[in-house]
Structures are given as structure tokens and as C-alpha cells.
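Grab a pencil and work through these exercises on aromatic rings and overall shape. Each task comes with a stepwise solution.

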Amino acid sequence: MRHESGLPAAATVNLLKSTTIQKVRLFGAEPAVIKAFANTGIEIVIGFDNGDIPTLASNPNVASQFVKSNVMSFYPASSIIAITVGNEVLTSGDQNLISQLLPAMQNVQNALNAASLGGKVKVSTVHAMAVLSQSYPPSSGVFNPGLGDTMKALLQFQSANDAPFMISPYPYFAYKNQPTPDTLAFCLFQPNAGQVDSGNGHKYTNMFDAQVDAVHSALNAMGFKDIEIVVAETGWPHEGDSNEVGPSLDNAKAYVGNLINHLKSKVGTPLMPGKSIDTYLFSLYDEDKKTGASSEKYFGLFKPDGSTTYDVGLLKNTQNPTTPATPTPTPKAAGSWCVPKPGVSDDQLTGNINYACGQGIDCGPIQPGGACFEPNTVKAHAAYVMNLYYQSAGRNSWNCDFSQTATLTNTNPSYGACNFPGGSN
């Protein structure tokens with residue numbers, strides 16, 4: 001999570017404690033904020049701005065003083081796990097800054113080593129997806145050749161120090177560049193036909209996996225396939241200007257909610273199966289003082305006053321909130337089973353079946369001989385697997401959306417030997 005708000009640090013920490021969020025990325029290193037996280041169990045990433053890099057690179061004492069003031073003073077009570085040096089430096093076009101990035105990171109690493117924190121606190125930098133000159137299909141992902149020796153030296157440093165490669169994939173921008181219904185479904189983890197990687201035959205059902213695997217392929221091509229990938233930020237705006245395509249409360253809720261479920265499932269990506277990737281959501285708060293397009297201001301899960309923008313299951317169910325202001329989850333829809341809406345075409349329902357079965361649920365009952373094979377109709381089979389997906393994904397309203405082809409019902413659709421999981425909330 002990114003923290004930027006007018007709320008006092010203690011209020012932000014209390015808000016986070018009311019959620020299941022376990023890690024937070026701070027875009028700076030304010031001592032009061034770092035201290036506020038002491039003994040919370042929440043791990044934090046702190047960072048340097050791009051403007052800090054020249055001084056950091058030229059003067060090792062700056063790094064030493066930073067580690068003393070912002071890490072040693074609070075560690076381990078405040079669980080600092082990483083320090084980021086700059087944001088999207090390699091794609092900034094500033095050759096002076098680019099040449100100083102690695103020396104700055106090395107000075108921070110040396111300061112941590114001197115404080116006996118090397119290996120405990122990692123040093124990294126955050127990259128835009130633009131560090132790749134090719135990202136599709138994912139198997140062909142490669143870094144921009146213009147970064148050549150700079151990228152190689154950076155990766156050698158990160159590999160030697162077991163530090164993660166931090167990237168900021170935004171399917172939202174992919175949809176913005178190609179605003180079609182198919183692209184939207186692919187970007188929101190919603191049912192879609194999927195895209196087969198012509199290079200290796202893997203099928204992708206969402207843009208997030210495709211972007212992360214493109215980075216994995218690029219690392220592999222450089223000989224660094226074992227470097228861990230961390231998603232430093234990703235998100236979707238819930239509001240935008242009238243001429244902007246994509247920002248909406250429904251889209252933001254679908255992207256973030258489905259992403260969280262995808263990560264929780266630990267299914268991983270086609271090139272990194274069974275692996276849960278550390279992912280930081282942008283952002284914790286709306287930033288309504290930002291300039292530019294409205295969408296830039298409204299990525300927050302919470303509003304600047306701490307109230308919930310939309311619920312994606314991150315809030316803990318607590319019987320005794322610490323203060324009356326503690327956000328509480330919105331109740332789940334009354335319906336207990338997820339079924340197709342009337343009038344939905346067989347083509348759409350077939351897409352829903354393919355999507356749900358591709359997410360790892362047990363679709364055996366709709367196969368020949370299965371308890372739910374008869375009646376052998378697309379609608380009957382879709383009803384069973386759409387409901388099973390809804391039940392297994394968390395029984396949240398957005399798990400029964402299927403690009404607006406599904407609805408919730410209180411009527412148990414089970415029949416004969418075919419049992420639809422579900423029940424009263």
C-alpha cells in the first residue's frame with residue numbers, strides 16, 4: 001500500500017490494523033510514520049526520492065546518516081524490510097540520474113552492511129513497465145537494449161544482495177490504450193477467451209499475469225531468472241473525467257478484488273506457478289490535491305478522511321472496533337447462489353465456463369458421467385461452474401459478475417444428484 005494522506009500517522013496505522021494488509025510501501029521516510037508502525041507486525045518499505053540520488057551517490061555519509069536516523073532508530077520494532085532508491089529512474093530520460101542510480105544503491109547497501117542489517121533490509125529501485133522494449137507475448141519479454149550495461153550491472157548488484165526486482169504493472173493503462181470489451185475483461189480478471197502465448201503455448205486469462213511474466217522472461221533473457229519479482233504498485237482509478245475511458249467504481253472494485261483473490265489463491269502465473277507475488281496496491285488513500293486528470297487522484301481504497309471508497313474484503317470482521325470510526329465491511333449480498341442472468345447467450349456462457357474452470361475449480365461434475373452433466377446444456381453447465389467459482393472465490397458480490405452476465409439468487413438451484421454449494425449467509 002502507498003501512504004499519502006492528511007491523516008496523522010497514528011490514525012493511518014490504526015486504519016491499517018483494521019485490515020488484513022501486512023505490508024506497506026512508503027514513498028519517503030518520515031520518522032514519525034516509521035515509528036508509528038512499531039510493534040504492529042506490519043512490514044514497511046521506505047524510500048528515497050529521485051532528487052536524493054545525486055547526493056546519495058556522491059556522499060556515502062548521507063546513506064550512513066539515513067540508515068542511522070531512519071532504520072537503526074526504529075528497527076526491529078518497526079519492521080523495515082526494504083529501501084527503494086528512486087522511482088522509474090531508468091525510464092526518466094535523465095542520463096545523469098541513470099548513471100548515479102547504482103552508486104547510490106551501493107552506498108545504501110554498504111551503510112546497511114556496516115550496521116549489520118545487510119540481508120535483513122533489502123535495497124532496490126522501482127521500474128515502470130517501459131523498461132521492457134517488448135512485453136507481448138510474455139515469453140518474448142526483453143529489456144530495452146538501450147539500458148544494456150546499466151541494467152546488467154543493476155541486476156548483478158541485486159542478485160548478489162538477494163534483492164527483489166520491483167516493477168509497476170498497470171493493466172488499467174493497457175485497457176486505456178485499447179478500450180474494447182474483450183480487453184476490459186482480460187484486464188479485470190473477468191471471464192474471457194484468454195490469449196495463448198505463441199512462444200510457449202501457455203494460456204493467459206488476465207493482463208496482470210501477462211505483464212509479470214514478461215518481466216520474468218526479460219530477467220531470464222539477461223541470465224537472472226532467480227531474482228524475485230515484487231509488484232511495487234498496481235491499481236485502478238475509481239473515478240475520472242468524463243472523457244476518460246476505464247475509471248469507475250465497478251471497474252476498480254473488480255480489478256482490486258479479483259487481483260486479491262488471484263494472489264490469495266497462490267496459483268501464480270503460467271511461468272511462475274504456485275507462487276504468490278508480493279504486491280502493493282496503489283494506493284491507500286485518494287490524493288485529491290494532485291494535479292492533472294481526475295483519474296490520477298482517485299486510486300485510493302480509502303478517502304483522505306479514512307472512510308472506505310469500496311470494500312474488497314480487506315477489512316477484518318471485528319466484533320469490537322477500537323473506535324467508532326473503524327471502517328466495517330459492507331454486508332455481502334443476501335443471495336447465496338450465483339446463476340446466469342436470463343437471456344445470456346450460449347457463447348457468453350461458454351466463455352464463463354472456460355474461465356471458471358481455468359481458475360482451478362473442480363469442473364468434473366459437468367463432464368460426461370458427472371452428477372451435473374445432465375441436462376447437457378450450456379446454461380445448466382454454466383450455472384454450476386459459475387456458482388462454484390463464486391463460492392470458492394469468497395462469495396463477494398463481484399465474484400458473481402462475469403461481465404454482468406450473472407446474478408445472485410436465494411433459490412437453491414440444486415436438482416437430483418447435482419448439488420450446488422451454497423447456503424445462507
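**Exercise 1: ring pairs**

Task: find how many aromatic pairs there are, then classify the one formed by F189 and Y255.

Solution. The count comes to 16 aromatic pairs, where rings of Phe, Tyr and Trp (its six-membered ring) pair if their centres lie within 6.5 Å. Planes under 30 degrees apart count as stacked, over 60 as edge-to-face and the rest as tilted. For F189 and Y255, the centres are 5.8 Å apart and the planes sit at 40°, so this pair is tilted. Next, place them: F189 is in the loop between α8 (181-187) and β8 (195-196), while Y255 belongs to helix α10 (residues 249-265), so the pair ties together parts 66 residues apart in sequence. Helices here are DSSP runs (H or I, at least four residues), and strands are E runs of at least two, numbered from the N terminus.

A quick note on the ground rules: this is a predicted model, with local features needing pLDDT of at least 70, side-chain atom pairs counting only at pLDDT 80 or more, and totals for chains, interfaces and linings using all residues. Numbering runs from 1 along each chain as its sequence is written, and side-chain values use heavy atoms, leaving out hydrogens and water.

**Exercise 2: burial**

Task: are F189 and Y255 buried or exposed?

Solution. Buried means under 20% relative accessible area, exposed over 50%, partly exposed in between (1.4 Å probe, protein chains only). F189 has 4%, hence buried; Y255, at 0%, is buried too. Both residues belong to a ring-pair cluster, whose members include W236 and F282.
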